[in-house]
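This report describes one protein chain for a reader who has not seen it before. It goes through the sheets, the cores, the aromatic rings and a few single residues.

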Amino acid sequence: CIYPELGYDCDGNLSLQIGDIYQGGYIFYIDETGEHGLVAAMEDLEGTYEWGCDGTSLEGADGTAIGTGYQNTLDIVSGCSQTPIAASEALAYESEGFNDWYLPSRYELYEMYNTIGKGGPEGNIGGFQGYFYWSSSQLGYDPSYAYVVNFSTGSTTTRLKGSTYSVRVIRSF
């Protein structure tokens, strides 16, 4: 074997690394099995978006951990009829033959900054342009705020849901 299939070694074993382009985006997280993880889209959604439904607490949209972004995104769209918003645009996104994109949770977004963003060991290989990026995680005790990550500094904070910020969608593999 001289040229194994993309993402595999010559023995047919999955051989993925952070920063690889795989299944429609940049790998920014790989679980302990080495077979599953998360990829970020190759570019931001065009424009900026509100998180949506400012002042309304949306049931279930408060997961912050890695692995909670998809359910948060579904909960946002289910509980908020306002469009276009970050979550509805994330679910509607199609790229590289994939249509299962969603808005990252607080820590999924933070992981992106630390691996393929400015905080990553190889620098900003994800090409992040925005200042603040929306997560799918609302602040549990105040329905007017949701979490953002500042891709210039790596800080995590909250902003009013009616503010407009950049969106980088993700999908799992």
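Rings of Phe, Tyr and Trp (its six-membered ring) pair if their centres lie within 6.5 Å; planes under 30 degrees apart count as stacked, over 60 as edge-to-face and the rest as tilted. One aromatic cluster here is formed by Tyr-113, Phe-128, Tyr-133 and Phe-151. The model is a predicted one, in which local features need pLDDT of at least 70 and side-chain atom pairs count only at pLDDT 80 or more, while totals for chains, interfaces and linings use all residues. Residues are numbered from 1 along each chain as its sequence is written, and side-chain values use heavy atoms, with hydrogens and water left out.

## Aromatic pairs

Searching the whole structure gives 10 aromatic pairs. The ring centres of Trp-134 and Tyr-165 are 5.2 Å apart and their planes stand at 70 degrees, so this pair is edge-to-face. It links distant parts of the chain, with Trp-134 in strand S5 and Tyr-165 in strand S8 (residues 164-165), 31 residues apart. Helices (H or I, at least four residues) and strands (E, at least two) are DSSP runs, numbered from the N terminus. Both Trp-134 and Tyr-165 are buried, where buried means under 20% relative accessible area, exposed over 50% and partly exposed in between (1.4 Å probe, protein chains only).

## Two sheets and a helix

Strands of a sheet pair through backbone hydrogen bonds, either parallel or antiparallel. Two strands count as paired if DSSP finds at least two bridges between them.

One open sheet has 3 strands in the order S5-S6-S7, with antiparallel pairing. S5 and strand S7 (156-160) stand at its edges with a single partner strand each, so one side of each has no neighbour in the sheet. From one strand to the next, the twist averages 45 degrees.

Another open sheet has 4 strands in the order S1-S2-S3-S9, also with antiparallel pairing. Its edges are strand S1 (21-22) and strand S9 (170-172); each has a single partner strand, so one side of each is left without a neighbour in the sheet.

The table gives a pair of strands from each sheet.

| Strand pair | Bridges | One pair of bridge partners |
|---|---|---|
| S6 and S7 | 5 bridges | Tyr-147 and Thr-158 |
| S2 and S3 | 5 bridges | Ile-27 and Val-39 |

Helix H3 (residues 106-115) packs on the sheet that holds S2, touching S2, S3 and S9, and its direction makes about 110 degrees with that of S2. H3 also lies across S5, S6 and S7, running at about 10 degrees to S6. Here contact means heavy atoms within 4.5 Å, and axes are lines fitted to C-alpha atoms, for helices over the stretch in contact, with angles from 0 to 180 degrees between N-to-C directions.

## Nonpolar cores

A nonpolar core is a set of buried Ala, Val, Leu, Ile, Met, Phe, Trp, Tyr and Cys residues joined through side-chain atoms within 4.5 Å. The largest has 28 residues, and those with the most contacts inside it are Trp-51, Ile-76, Leu-103, Trp-134, Val-167 and Val-169. Strand S3 (37-41), helix H2 (86-92), S5 and strand S6 (145-150) each give two or more residues to this core. H2 gives the most, with 3 residues. Another core, of 14 residues, lies apart from it; Phe-28, Leu-109, Tyr-113 and Ile-116 are among its members.

## Ser-136 and its surroundings

Where does Ser-136 lie, and is it buried or exposed? Ser-136 is in strand S5 (residues 132-138) and is buried, with a relative accessible area of 0%. Its side chain and that of Asn-72 are joined by a polar contact of 3.1 Å; such a contact is a pair of N or O atoms within 3.5 Å, where within protein one must be able to donate a hydrogen and the other to accept it, and residues adjacent in sequence count only if both atoms are side-chain atoms. A polar atom of the Ser-136 side chain also lies 3.4 Å from the backbone oxygen of Leu-103. Not counting residues up to four places away in sequence, the residues that Ser-136 touches include Trp-51, Ile-76 and Pro-104.

## Residues in loops

Ile-66 is in the loop between strand S4 (49-50) and helix H1 (69-79) and is partly exposed at 31% relative accessibility. Its C-alpha atom is separated by 6.7 Å from that of Ser-105, 39 residues away along the chain.

Cys-53 is in the loop between S4 and H1. Although not a glycine, Cys-53 has a positive phi of about 50 degrees, and it is buried at 15% relative accessibility. Glu-96, in the loop between H2 and H3, also has a positive phi, near 55 degrees, but is exposed, with a relative accessible area of 56%.

Thr-83 and Pro-84 are joined by a cis peptide bond with omega of about -10 degrees. Pro-84 is in the loop between H1 and H2.
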